[in-house]
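Here is my note on the structure you sent. The points below can be read with the model open beside them.

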Amino acid sequence: MKTHKTGLTSQAFEKSLAAHPPGKYVLRLFVAGATARSRQAVLRVREICEAELKGRCELEVIDIYQQPRLARENQIVATPTLVKEFPKPIRRFIGNLVNLSGLFDELEIILKGELAV
């Protein structure tokens with residue numbers, strides 16, 4: 001039985017993801033240490049969450065040096081990697097997060113201006 005950083009088993013973690021309301025996103029950002037690139041990725045994703053997904057985003061930042069087990073479990077091969085855990089399907093964006101041209105399409109994220117009224 002696998003246990004996540006939050007102390008939940010894999011089954012409990014999946015159940016907690018399913019409990020999120022529609023339109024809510026659960027994102028995980030995997031970084032490698034406190035490098036300039038890692039700091040830039042964290043700042044950029046937080047900006048996105050605040051500006052574009054305000055109130056609809058839960059972000060977990062995972063340093064693969066501090067939590068290598070989570071990197072293995074999530075098959076992280078490069079950093080930074082942004083993973084959209086919820087809503088399903090799971091999507092990944094690997095690499096430079098400065099240019100957002102394809103990020104939202106790649107992760108299948110609906111921006112606040114695109115929400116149906």
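1. Strand 3, residues 81–86, and strand 4, residues 91–94, run antiparallel to each other and are paired over four bridges. They form a hairpin, with four residues lying between the two strands. One bridge to look up joins K84 to its partner R91 in strand 4. Please keep in mind that this is a predicted model.

2. The loop of this hairpin deserves a look at its backbone. P87 sits in the loop between strand 3 and strand 4. The peptide bond that joins F86 to P87 is cis, with omega at about 0 degrees.

3. A second cis peptide bond should be checked on the other side of strand 3. It links T79 and P80, and its omega is about -5 degrees. P80 belongs to the loop between helix 3 (68–73) and strand 3. Most peptide bonds are trans, and most residues other than glycine have a negative phi.

4. That loop has another backbone feature. Which residue has a positive phi although it is not a glycine? Q75 does, with a phi of about 55 degrees. Q75 is placed in the loop between helix 3 and strand 3. The side chain should be viewed from outside: Q75 is exposed, and its relative accessible area is 62%.

5. Now the whole chain. It contains four helices and four strands, and in sequence order they follow the pattern α-β-α-β-α-β-β-α. The hairpin of point 1 is formed by strand 3 and strand 4, so named because strands are numbered from the N terminus.

6. How much of the chain is buried? Of its 117 residues, 39% count as buried. The chain exposes about 7000 Å², and 55% of this area comes from carbon and sulfur atoms. Taking the contacts between residues at least 6 apart in sequence, 64% join residues at least 24 apart.

7. The largest nonpolar core consists of 17 residues, and the residues with the most contacts inside it are L27, L29, L53, L82, L97 and L103. At least two residues of this core come from each of strand 1 (25–31), helix 2 (36–51) and helix 4 (103–107). Helix 2 gives the most, with five residues.

8. L97 is a useful residue to click on. Leaving aside residues up to four places away in sequence, L97 touches L29, A41, R44, V45, P80 and L103. P80 in this list is the proline that follows the cis bond from T79. Another core, of eight residues, lies apart from the largest one; F30, A32, I62 and V83 are among its members.

9. Helix 2 can be examined by itself. It has 16 residues and reaches 22 Å from its first C-alpha to its last, close to the 22 Å expected at 1.5 Å a residue. Its buried residues include S38, A41, V42, V45, I48 and C49. Why are these residues on the same side of helix 2? They cover an arc of only 130 degrees around the axis, which puts them on the same side. On the other side of helix 2, A36, L43 and E50 are exposed. An α-helix has 3.6 residues a turn, so residues three or four places apart point the same way.

Conventions. Residues are numbered from 1 along each chain as its sequence is written. This is a predicted model: local features need pLDDT of at least 70, side-chain atom pairs count only at pLDDT 80 or more; totals for chains, interfaces and linings use all residues. Side-chain values use heavy atoms; hydrogens and water are left out. Two strands pair if DSSP finds at least two bridges between them. Buried means under 20% relative accessible area, exposed over 50%, partly exposed in between (1.4 Å probe, protein chains only). Contact means heavy atoms within 4.5 Å. Accessible areas come from the Shrake-Rupley method with a 1.4 Å probe; for residues, only the protein chains shown count as cover. A nonpolar core is a set of buried Ala, Val, Leu, Ile, Met, Phe, Trp, Tyr and Cys residues joined through side-chain atoms within 4.5 Å. The expected span of a helix is 1.5 Å times one less than its number of residues. The arc is that of the directions from the helix axis to the C-beta atoms.
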